[in-house]
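Subject: Structure for your review

Dear colleague,

Please find the structure below, followed by an account of what was found in it. I would be grateful if you could read the two side by side.

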Amino acid sequence: MRSKLPAPFTALDTVRSSKEADMAATVRADESAVVPPSNGAVVTWSAKELADVRAQLATEIEELNGEIAKSESEIASSDVTDGAGDDQADAGARTYEREREIALTLNSRDLVAQNERAIARIDAGTYGVCESCHQPIGKERLQAFPRATLCVACKQREERR
């Protein structure tokens with residue numbers, strides 16, 4: 001037998017409520033909750049898990065800094081070479097490649113900044129808390145994307161704007 005929902009509720013509201021109920025508070029390694037759990041469920045991050053995430057982020061920072069240094073040296077060396085005797089198509093292709101390298105370097109710098117920010121949140125004990133709604137981000141999301149600063153709902157809201 002089906003239970004009927006009260007008039008102001010829809011099936012979508014039921015889905016939203018169950019998703020919200022599934023969200024759990026993120027807990028620091030010392031077992032103190034960053035955000036009080038709303039449904040009693042608590043997802044804990046062990047000290048080892050946080051150390052692993054921190055090490056992963058630090059390793060990625062090192063790799064990205066190496067890529068940035070390599071790209072910057074390539075950009076600088078391509079500036080030195082004179083295009084004497086090149087036709088317009090060669091000059092255009094060289095300019096395109098240079099701008100592409102600059103864009104990739106800026107993207108790498110942005111990733112370094114995001115990683116450093118995630119490490120700072122780990123150190124501050126606020127890792128796993130949405131910067132917008134201050135609710136837990138969710139362990140699965142952070143495992144997939146450790147630089148996440150917003151929960152799924154807030155990120156979706158941000159992308160709609």
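The UniProt record, an unreviewed entry, annotates residues 130-154 as "zinc finger region: dksA C4-type". In the model, which is predicted, the end C-alpha atoms of that span lie 8 Å apart. Helix accounts for 36% of residues 130-154 and strand for 0%.

As to the overall architecture, the protein has five helices and two strands, and their order from the N terminus is α-β-β-α-α-α-α. Of its 161 residues, 25% are buried. The exposed surface comes to about 10,900 Å², of which carbon and sulfur atoms supply 53%. Among contacts with a separation of 6 or more, 51% are between residues 24 or more positions apart.

The aromatic residues deserve a separate paragraph. The structure contains one aromatic pair, formed by Trp 45 and Tyr 127 in an edge-to-face arrangement, with 5.7 Å from centre to centre and 75 degrees between the planes. Trp 45 belongs to the loop between β2 (42-44) and α2 (47-80), while Tyr 127 belongs to the loop between α3 (88-124) and α4 (139-144), so the pair ties together parts that are 82 residues apart in sequence. Both Trp 45 and Tyr 127 are buried. In addition, Lys 139 lies over the face of Trp 45, at 5.2 Å from the ring centre.

Trp 45 and Tyr 127 appear again in the largest nonpolar core, which has 19 residues. The members that touch the most other members are Trp 45, Val 53, Leu 57, Tyr 127, Cys 130 and Leu 142. Helices α2 and α3 each contribute at least two residues to this core, and the largest share, six residues, comes from α2. Setting aside residues up to four places away in sequence, Val 53 touches Trp 45, Ile 122, Tyr 127 and Pro 146. Val 53 is thus in contact with both partners of the aromatic pair.

Three further residues were examined individually.

- Ser 71 is found in helix α2. With a relative accessible area of 14%, Ser 71 is buried, given that the cut-off for burial is under 20%. Not counting residues up to four places away in sequence, Ser 71 touches Glu 101 and Thr 105.

- Leu 111 is placed in helix α3. Its relative accessible area is 21%, and Leu 111 is therefore partly exposed, as that class begins where burial, under 20%, ends. Leu 111 touches Leu 64 and Arg 147, again not counting residues up to four places away in sequence. Leu 111 and Leu 64 are 47 residues apart in sequence, and their C-alpha atoms are 7.8 Å apart in space.

- Thr 149 lies in the loop between α4 and α5 (152-160). The relative accessible area of Thr 149 is 19%, so this residue counts as buried under the 20% limit. Leaving aside neighbours within four places in sequence, Thr 149 is in contact with Arg 117, Arg 121, Val 129, Cys 130, Glu 131 and Ile 137. One of these, Cys 130, is also among the core residues that touch the most other members.

Yours sincerely,

A colleague

Key: Residues are numbered from 1 along each chain as its sequence is written. This is a predicted model: local features need pLDDT of at least 70, side-chain atom pairs count only at pLDDT 80 or more; totals for chains, interfaces and linings use all residues. Side-chain values use heavy atoms; hydrogens and water are left out. Rings of Phe, Tyr and Trp (its six-membered ring) pair if their centres lie within 6.5 Å; planes under 30 degrees apart count as stacked, over 60 as edge-to-face and the rest as tilted. Helices (H or I, at least four residues) and strands (E, at least two) are DSSP runs, numbered from the N terminus. Buried means under 20% relative accessible area, exposed over 50%, partly exposed in between (1.4 Å probe, protein chains only). A charge sits over a ring if NZ of Lys or CZ of Arg is within 6 Å of the ring centre and within 35 degrees of the ring normal. UniProt positions are given in the numbering used here, feature names are shortened, and annotations may be inferred rather than shown by experiment. Contact means heavy atoms within 4.5 Å. Accessible areas come from the Shrake-Rupley method with a 1.4 Å probe; for residues, only the protein chains shown count as cover. A nonpolar core is a set of buried Ala, Val, Leu, Ile, Met, Phe, Trp, Tyr and Cys residues joined through side-chain atoms within 4.5 Å.
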